[in-house]
Amino acid sequence: MNILAINPGSTSTKIAVYENETPRLVRNIRHSVEELSEFPRIIDQFEFRKNLVLQALQEEGIPFQFDAIVGRGGLLKPIPGGVYEVNDAMLDDIARAMRSHACNLGCLIASELAALLPGCRAFIADPGVVDELDEIARITGPP
């Protein structure tokens with residue numbers, strides 16, 4: 001199984017390619033403040049970062065053939081930790097996200113790239129909005 005992982009952060013986009021559990025590529029693509037200042041909103045960086053991912057794969061000679069593409073989860077509605085397949089409701093939540101962060105681009109890039117490959121699925125994993133707080137702690141607070 002070939003997996004592409006994409007983790008957009010505030011000043012970098014980290015990518016990794018795995019063949020089963022073996023890493024074939026691990027790269028941190030850094031973005032200067034000048035580069036990112038060209039984009040009025042973080043969501044406007046979508047094509048820029050997606051193209052950098054594709055360029056990095058090409059430079060490393062890695063064929064664009066994946067069984068799954070996983071993006072860093074975005075700032076969705078609170079959900080339990082885990083791996084989630086990208087769906088229309090998730091994409092809609094990201095498009096209307098109350099908070100803006102580069103991690104919102106992870107599921108968008110994964111979804112668009114996976115759609116280019118027959119049989120490839122797009123996922124997110126453990127987004128920053130994971131909420132597994134015990135119900136009693138919501139009332140009493142942590143110790």
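# A guided tour, starting at L113

Begin by selecting L113, which lies in helix α4. Keep in mind as you look around that this is a predicted model.

**Stop 1: L113 and its surroundings**

Is L113 buried or exposed? L113 counts as buried because its relative accessible area is 0%, and the cut-off for buried is under 20%. Now show what surrounds this side chain. Apart from neighbours within four places in sequence, L113 is in contact with L4, I6, K50, V53, L54, F64 and I69. Pick K50 from that group: 63 residues separate K50 and L113 along the chain, yet their C-alpha atoms are 8.2 Å apart.

**Stop 2: helix α4**

Next, select the whole of α4, residues 104-115. This helix is mostly covered, with 10 of its 12 residues buried. Those buried residues are N104, L105, G106, C107, L108, I109, A110, S111, L113 and A114. What do they pack against? Colour β1, α2, β4, α3 and β6 to see the elements that the buried residues of α4 pack against. Seen as a whole, α4 lies across β1, β4 and β6, and its direction is at about 165° to β4.

**Stop 3: two cysteines**

While you are here, show C103 and C107. How many disulfides does the structure hold? The number is 0. The sulfur of C107 has its closest cysteine sulfur in C103, at 9.5 Å, so the two are too far apart for a bond. Both side chains sit under cover: C103 is buried, with a relative accessible area of 3%, and C107 is buried as well, at 1%.

**Stop 4: the nonpolar core**

Now turn to the nonpolar side chains. In soluble globular proteins, such side chains tend to be buried together. Here the largest nonpolar core has 35 residues, and L4, I6, L57, F66 and I69 are those with the most contacts inside it. At least two residues of this core come from each of β1, β2, β3, α2, α3, α4 and β6. Which element gives the largest share? That is α4, the helix you have just visited, with 7 residues.

Select L4 for a closer look. Not counting residues up to four places away in sequence, L4 touches A16, V17, V53, L57, F66, A68, I69, V70 and L113. The last of these brings you back to the residue where the tour began, and L4 is likewise among the contacts of L113.

**Stop 5: the sheet**

Switch to a cartoon view and find the strands. Six of them form an open sheet in the order β3-β2-β1-β4-β6-β5, with mixed pairing. Where are its edges? They are β3 and β5, each of which pairs on one side only. On average, neighbouring strands of this sheet are turned by 20° against each other, direction ignored. Look for α2 (46-59) too; this helix lies across β1, β2 and β3 and runs at about 45° to β2.

**Stop 6: two hairpins**

Zoom in on β1 (residues 2-8) and β2 (residues 12-19), an antiparallel pair with 7 bridges. The two strands form a hairpin with 3 residues between them. One bridge to highlight in this pair joins P8 to T13 of β2.

Continue from β2 to β3 (residues 22-30), where 8 bridges join the two antiparallel strands. Here you can pick out K14, whose bridge partner in β3 is N28, and I15, which stands opposite R27. This is a hairpin too, with 2 residues between the strands.

Stop at N20, in the loop between β2 and β3. Most residues other than glycine have a negative phi. N20 is not a glycine, yet its phi is positive, at about 55°.

**Stop 7: T13**

Finish at T13, back in strand β2. T13 is buried, with a relative accessible area of 0%. Which side chain makes a polar contact with the side chain of T13? It is that of R49, at 2.9 Å. Leaving aside neighbours within four places in sequence, the contacts of T13 are I6, N7, P8, R27, N28, I29, H31, R49 and V53. Among them, V53 may look familiar: V53 also touches L4 and is in contact with L113.

Definitions and conventions. Residues numbered from 1 in each chain as written. Predicted model: local features only at pLDDT ≥ 70, side-chain atom pairs only at ≥ 80, totals over all residues. Heavy atoms only, no water. Pairing = 2+ DSSP bridges. Helix = DSSP H or I, 4+ residues; strand = E, 2+ residues; numbered from the N terminus. Core = buried A, V, L, I, M, F, W, Y, C linked by side-chain atoms within 4.5 Å. Buried < 20%, exposed > 50% of the residue type's maximum accessible area, 1.4 Å probe, protein only. Contact = heavy atoms within 4.5 Å. Polar contact = N/O pair within 3.5 Å; in protein donor to acceptor, adjacent residues only side chain to side chain. Axes fitted to C-alpha atoms, helices over the stretch in contact; angles between N-to-C directions. Disulfide = S-S within 2.5 Å.
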